[in-house]
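User: Here is a model I want to understand before I go to the bench. Take me through it one question at a time.

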Amino acid sequence: MIRWLLHRNFRGMEKKYGYDATYLHELTDESLSACIRFATIQLAGGTFHGNASSNAWFAAGIAGALVEDCGPCVQIASDIAMEQGMNGDIIKQLLSGAPTDADAQLGFDYGRALLLFSPNLDELRETIEVKWGKPALMALTLRAMTARNFPVIKRALGHAKTCQRVRIGNDDIAVNQALKAA
């Protein structure tokens with residue numbers, strides 16, 4: 001019954017976002033225990049914003065996906081952010097490397113710095129703590145960490161073979177590949 005529910009949920013996600021979740025179906029079929037553990041890890045990020053702005057929180061998640069992904073997971077992270085109210089132009093600017101909304105830029109820069117061991121991590125951490133407090137820092141951290149898990153498990157199961165441009169609204173965005181490096 002649990003497998004059936006998980007597959008149903010994944011099929012809904014595939015249909016809604018035009019996303020290939022074959023790797024999640026495989027994870028479910030091969031080891032329900034592993035799938036449940038993966039889901040539990042993902043729930044750690046949840047929707048906890050910790051006083052951080054929504055733009056910063058969504059941007060940290062987009063950054064987490066970007067560090068590990070070649071398009072499909074960045075696409076779904078962007079789609080969910082826009083579905084929840086983030087302006088698509090902000091996402092376009094983040095992904096192209098152009099300056100944008102200060103809160104979104106801070107969340108994006110922090111997510112990248114955290115996951116890429118960047119030298120400016122301490123400065124970004126301090127800025128976030130001063131601006132929103134330590135709970136926001138924890139929320140942005142969890143968001144960036146959990147967003148990277150989908151591309152990682154996809155790659156581990158051999159399903160991360162397709163690169164794609166990210167589509168924001170009616171525009172295909174060529175992601176600035178320099179953003180994936182430290």
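User: What is the relative accessible area of His-49, and which class does that give?
Analyst: Buried means under 20% relative accessible area, exposed over 50%, and partly exposed in between, with a 1.4 Å probe and protein chains only. This is a predicted model, where local features need pLDDT of at least 70, side-chain atom pairs count only at pLDDT 80 or more, and totals for chains, interfaces and linings use all residues. Residues are numbered from 1 along each chain as its sequence is written, and side-chain values use heavy atoms, leaving out hydrogens and water. His-49 has 21%, so the class is partly exposed.

User: Where is His-49 found, and what does His-49 touch?
Analyst: His-49 sits in the loop between H3 and H4. Helices are DSSP runs (H or I, at least four residues), numbered from the N terminus. Contact means heavy atoms within 4.5 Å. Leaving aside residues up to four places away in sequence, His-49 touches Ser-54, Trp-57, Ala-136 and Ala-139.

User: What separates the C-alpha atoms of His-49 and Leu-137?
Analyst: Along the chain, the two residues are 88 residues apart. In space, the C-alpha atoms of His-49 and Leu-137 are separated by 9.0 Å.

User: His-25 is another histidine to check. Is His-25 buried or exposed?
Analyst: His-25 has its place in helix H2. Not counting residues up to four places away in sequence, His-25 touches His-7, Phe-10, Arg-11 and Glu-14. The relative accessible area of His-25 is 15%, so His-25 is buried.

User: How do H2 and H9 pack, and what is the angle?
Analyst: Two packed helices are described by the angle between their axes and the distance between the axes. Axes are lines fitted to C-alpha atoms, for helices over the stretch in contact, and angles run from 0 to 180 degrees between N-to-C directions. For H2 (residues 22-30) and H9 (residues 134-156), the axes are 9 Å apart and the angle is about 70°. Angles of 65 to 115 degrees count as roughly perpendicular, and H2 is therefore roughly perpendicular to H9.

User: Which residues make the contact between H2 and H9?
Analyst: Each helix gives three names. From H2 come Tyr-23, Leu-24 and Leu-27; from H9 come Phe-150, Ile-153 and Lys-154.

User: At what angle do H1 and H5 cross, and which residues make the contact?
Analyst: The axes of H1 and H5 (residues 72-83) come within 11 Å and cross at roughly 80°. That makes H1 roughly perpendicular to H5. The contact is made by Met-13, Lys-16 and Tyr-17 of H1, with Ile-76, Asp-79, Ile-80 and Glu-83 of H5.

User: How many salt bridges does a search of the whole structure find?
Analyst: A salt bridge is a side-chain nitrogen of Lys or Arg within 4 Å of a carboxyl oxygen of Asp or Glu. Searching the whole structure gives nine.

User: How far apart are the closest N and O atoms of Asp-103 and Lys-131?
Analyst: Asp-103 forms a salt bridge with Lys-131. This pair links distant parts of the chain, with Asp-103 in H7 (residues 102-116) and Lys-131 in H8 (residues 121-132), 28 residues apart. Lys-131 is partly exposed at 43% relative accessibility. The closest N and O atoms are 2.6 Å apart.

User: Which residue forms a salt bridge with Arg-125?
Analyst: Arg-125 is partly exposed at 26%, and the partner is partly exposed at 44%. Both lie in helix H8, three residues apart, about one turn of the helix. The closest N and O atoms are 2.0 Å apart, and the partner is Asp-122.

User: Which residues do salt bridges that share partners join into one network?
Analyst: Take one further pair before the network: Glu-129 forms a salt bridge with Lys-134, the closest N and O atoms being 3.8 Å apart. Salt bridges that share partners join Glu-68, Arg-148 and Arg-155.

User: Where does Phe-117 lie, and what is its phi?
Analyst: Phe-117 lies in the loop between H7 and H8. With a relative accessible area of 74%, Phe-117 is exposed. Phe-117 is not a glycine, yet its phi is positive, about 55°.

User: What is phi of Asn-51?
Analyst: Asn-51 is in the loop between H3 (32-45) and H4 (54-68). Asn-51 is exposed, at 62%. Its phi is positive in a residue other than glycine, near 80°.

Terms used. Helix = DSSP H or I, 4+ residues; strand = E, 2+ residues; numbered from the N terminus. Parallel < 35°, antiparallel > 145°, perpendicular 65-115°, else oblique.
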